[in-house]
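Reader: Please pick one part of this model and take a close look at it. Start from a single side chain and work on from there, keeping to what can be checked against the coordinates.

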Amino acid sequence: QVRLVESGGGFMQAGGSLRLSCAASGSIRSFNTMGWFRQPPGKQRDLVASISSGGYENYAESVKGRFTISRDNAKNTVDLQMNSLKPEDTAVYFCNAVYYGSRGPNFYWGQGTQVTVSS
């Protein structure tokens, strides 16, 4: 079994910063990709940023230059530093991890953490 536990998030004014952290535990010691998705109220869940085990980073256009993803492979953690926050960043943020097994990719999710940015 795999468990992803998120921390961080909360309430911030526009222009401020928040940091999200996610710790993975369980039977998988090294995920191929770890990342963050977000789901605004009434909208679909979309990718915010991801990072491969080799350190390749991928960002949604809307957060490029403002958000930075990082991971610690030894600790099996992934963080998201969010700067210059905007009201449109308000959403529930979900940690995600992908492991490619013999039968294909396996996707794991955290429980989600709320980020609210006021104008």
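Author: In this predicted model, Glu61 is exposed, with a relative accessible area of 63%. Its carboxyl group meets the side chain of Lys64 in a salt bridge, 2.8 Å from N to O. Lys64 is partly exposed, at 44% relative accessibility. Side chains of opposite charge can pair when their charged atoms come close.

The count of salt bridges comes to 4. One of them joins Arg66 to Asp89, with an N to O distance of 2.8 Å. Arg66 sits in the loop between β6 (57-59) and β7 (67-72), and Asp89 in the loop between β8 and β9 (91-101), so the salt bridge ties together parts that are 23 residues apart in sequence. Whereas Glu61 is exposed, both Arg66 and Asp89 are buried. The pair also belongs to something wider, since Arg38, Arg66 and Asp89 are linked in a network of salt bridges.

A further salt bridge is formed by Arg19 and Asp79, at 3.1 Å from N to O. Here the partners lie in strands: Arg19 belongs to β3 (residues 18-26) and Asp79 to β8 (residues 77-82), 60 residues apart. The two ends differ in exposure. Arg19 has a relative accessible area of 40% and is therefore partly exposed, while Asp79, at 17%, falls under the 20% limit and is buried.

That salt bridge leads to the sheet. β3 and β8 run antiparallel and are joined by 6 bridges. Within this pairing, Cys22 stands opposite Val78 of β8. On the β1 side, β3 pairs with strand β1 (residues 2-8), again in the antiparallel sense, over 7 bridges. Val5 has Ala23 in β3 as its bridge partner. β8 in turn is joined to β7 by 6 bridges, and these two strands also run antiparallel. Taken together, the strands make an open sheet of 4 strands in the order β1-β3-β8-β7, with antiparallel pairing. β1 and β7 stand at the edges with a single partner strand each, so one side of each has no neighbour in the sheet. From one strand to the next, the twist averages 15 degrees.

The edge strand β7 is worth following residue by residue. In a regular strand the side chains alternate between the two faces of the sheet. In β7, Phe67, Ile69 and Arg71 form the covered face, and Thr68, Ser70 and Asp72 the uncovered one. Two residues of the covered face can be matched to β8: Phe67 stands opposite Met82, and Ile69 opposite Leu80. The hairpin of β7 and β8 has 4 residues between the strands, and in it Asn76 takes a positive phi near 60 degrees.

Leu80 and Met82 carry the description into the interior. The largest nonpolar core has 27 residues, and Leu80 and Met82 are among those with the most contacts inside it, along with Trp36 and Tyr93. At least two residues of this core come from each of β3, β4 (33-39), β5 (46-52), β7, β8, β9 and β11. In soluble globular proteins, nonpolar side chains tend to be buried together.

Tyr93 brings several of these threads together. Apart from neighbours within four places in sequence, Tyr93 is in contact with Trp36, Leu80 and Met82, and also with Phe67, Leu20, Phe37, Val48 and Val115. Its contacts include polar and charged residues as well, among them Glu6, Thr113 and Arg38. Arg38 is the residue already met in the network with Arg66 and Asp89.

The last stop is Thr113, in strand β11 (residues 113-118). Thr113 has a relative accessible area of 12%, so this residue counts as buried. Its side chain reaches the backbone oxygen of Gly8 at 3.1 Å. Gly8 falls within strand β1 (residues 2-8), one of the strands at the edges of the sheet. Beyond four places in sequence, Thr113 touches Glu6, Gly8, Gly9, Leu20, Ala91, Val92 and Tyr93.

Key:
Residues numbered from 1 in each chain as written. Predicted model: local features only at pLDDT ≥ 70, side-chain atom pairs only at ≥ 80, totals over all residues. Heavy atoms only, no water. Buried < 20%, exposed > 50% of the residue type's maximum accessible area, 1.4 Å probe, protein only. Polar contact = N/O pair within 3.5 Å; in protein donor to acceptor, adjacent residues only side chain to side chain. Contact = heavy atoms within 4.5 Å. Pairing = 2+ DSSP bridges. Core = buried A, V, L, I, M, F, W, Y, C linked by side-chain atoms within 4.5 Å. Axes fitted to C-alpha atoms, helices over the stretch in contact; angles between N-to-C directions.
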